[in-house]
Amino acid sequence: MRATPARAHEHSSRDVKLATTADGRRWDRACHASGQPVTPFHTFRWLALAAAMTGTRFMPLVVRFAGEDVGVAPLMIRRRGVVSLANWLPFPYLGPLVPVDLLGASLDALRPRENFSGVIRQQQSFAPETGVDERSLTARGFSVRYDPTYVVDTRPTEEQMWAALEGRCRTKIRKAEREGVLIEEAVDGSTLREVVQAAFDARDLNSGYEGAFPPSPSVLASLHLAIRNVVATVDGHSVGGLVSIATEDRALIWQGGVLPDFRGTHANVLLYWDAIKWAHRIGVGSIDLVGVPDEGIGRFKSQFGASLTEYVVGQRQSAFGRLIEKTRRNALTRS
């Protein structure tokens with residue numbers, strides 16, 4: 001169900017200052033000072049790793065108000081020739097993490113940094129349960145939409161979570177276990193690489209990851225977050241993998257799946273059920289299954305006793321960006 005946007009008295013950009021920091025502890029404290037939900041995708045170490053995996057430049061900007069750190073406004077800059085994209089990445093929830101009444105002022109304070117970096121298109125998105133005044137976005141030229149995701153409540157007992165699964169889901173889990181599908185700790189990133197490549201090749205898309213992707217288990221461990229990095233095996237062969245990440249109160253599934261030739265093993269269902277049980281065991285309150293890019297994936301994720309929720313996504317394109325897009329469309333039409 002769509003959340004009603006919060007209403008807030010906005011402050012002026014004169015009230016907000018942005019400070020660049022290389023101190024990860026300061027960054028993470030500022031995230032929590034915002035009073036907003038903090039996901040693993042907000043943490044300093046994750047964003048530094050994400051920059052290496054996506055070929056972007058991470059600008060770690062702490063938001064200051066009345067002399068205090070009150071949030072963060074990460075900018076991930078992807079250079080494309082003489083222009084750039086900001087926060088256009090293959091994972092969500094990368095927007096200012098600030099009190100509701102400071103969102104507009106924080107977006108205004110970001111403008112000089114964006115202009116200096118040649119940003120022509122940007123995306124600012126906000127995790128479920130984040131307080132967002134939609135008018136702070138629309139008043140600054142952002143188009144706003146609400147994207148869906150599924151979230152599983154991991155506070156009940158494991159038996160209660162099992163009972164909440166759809167019948168088809170329980171049947172697939174039992175079948176996978178009977179046929180010898182095992183979930184094991186990953187020893188490298190080779191399976192994850194294959195799975196992600198196959199998934200995006202099937203849609204004729206680029207994953208957005210390059211360079212340092214996938215990270216090794218040791219690199220993931222260096223994030224200082226709770227990590228569940230596993231593979232599904234059949235007869236000793238890896239057929240799928242899944243990486244889940246958690247802060248102290250919420251988990252999310254980052255990447256993974258099953259190779260196309262092995263979907264009939266139902267290893268994908270067993271991997272997701274393993275992630276849900278892991279989130280319960282470590283004591284977080286929920287696990288976000290992250291995204292519903294199409295109807296088929298929506299049906300898959302809905303079977304885990306998950307609640308469909310929405311999150312805010314704002315997108316803005318500069319006048320120069322619109323001109324480039326128009327020129328490109330005209331060139332395609334002529335050809």
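User: When does a charge count as sitting over a ring?
Analyst: For Arg, CZ has to be within 6 Å of the ring centre and within 35 degrees of the ring normal. Keep in mind that this is a predicted model.

User: OK, so what sits over the ring of Trp88?
Analyst: That's the charged end of Arg121, 5.1 Å from the ring's centre.

User: Let's stay with aromatics. How many aromatic pairs does the structure hold?
Analyst: There are 16 aromatic pairs. One of them joins Phe41 and Trp46, with 5.3 Å from centre to centre and 35° between the planes, a tilted pair.

User: Are those two buried or exposed?
Analyst: Phe41 is buried, at a relative accessible area of 1%. Trp46 is buried as well, at 0%; the cut-off for buried is under 20%.

User: And what kind of pair do Trp46 and Trp254 make?
Analyst: An edge-to-face one, because the planes are at 80°, with the ring centres 5.1 Å apart.

User: Where do those two Trp residues lie?
Analyst: Trp46 is in helix H2 (residues 44-54), while Trp254 is in strand E12 (residues 251-258), so their pair ties together parts that are 208 residues apart in sequence. Trp254 also counts as buried, with 7% relative accessibility.

User: Which residues form the aromatic cluster?
Analyst: Phe41, Trp46, Phe91, Tyr93, Tyr209, Phe213, Trp254 and Tyr311 form one cluster.

User: Tell me about Tyr311. Where is it, and is it buried or exposed?
Analyst: You'll find Tyr311 in strand E14 (residues 307-317). It's buried, since its relative accessible area is 8% and under 20% is what buried means.

User: What is Tyr311 in contact with?
Analyst: Setting aside neighbours within four places in sequence, its contacts include Pro92, Tyr93, Phe126, Arg145, Tyr146 and Asp147.

User: How far is Tyr311 from Leu223?
Analyst: Their C-alpha atoms are separated by 25 Å, and the two residues are 88 apart along the chain.

User: Switching topic: what's the strand order in the open sheet of three strands?
Analyst: The order is E1-E3-E4, with antiparallel pairing. Strands E1 (16-20) and E4 (68-72) are at the edges, each pairing on one side only. On average, neighbouring strands are turned by 40° against each other, ignoring direction.

User: How many bridges are there between E3 and E4?
Analyst: Four, in the antiparallel sense, with E3 covering residues 61-65. Val63 stands opposite Gly71 in E4.

User: Which helix packs on that sheet and touches E4?
Analyst: Helix H1 (residues 24-33), which touches E1, E3 and E4 and makes about 85° with the direction of E4. There's also helix H3 (residues 103-116), lying across E1 and E3 at about 50° to E1.

Definitions and conventions:
Residues are numbered from 1 along each chain as its sequence is written. This is a predicted model: local features need pLDDT of at least 70, side-chain atom pairs count only at pLDDT 80 or more; totals for chains, interfaces and linings use all residues. Side-chain values use heavy atoms; hydrogens and water are left out. Two strands pair if DSSP finds at least two bridges between them. Axes are lines fitted to C-alpha atoms, for helices over the stretch in contact, and angles run from 0 to 180 degrees between N-to-C directions. Contact means heavy atoms within 4.5 Å. Buried means under 20% relative accessible area, exposed over 50%, partly exposed in between (1.4 Å probe, protein chains only). Rings of Phe, Tyr and Trp (its six-membered ring) pair if their centres lie within 6.5 Å; planes under 30 degrees apart count as stacked, over 60 as edge-to-face and the rest as tilted.
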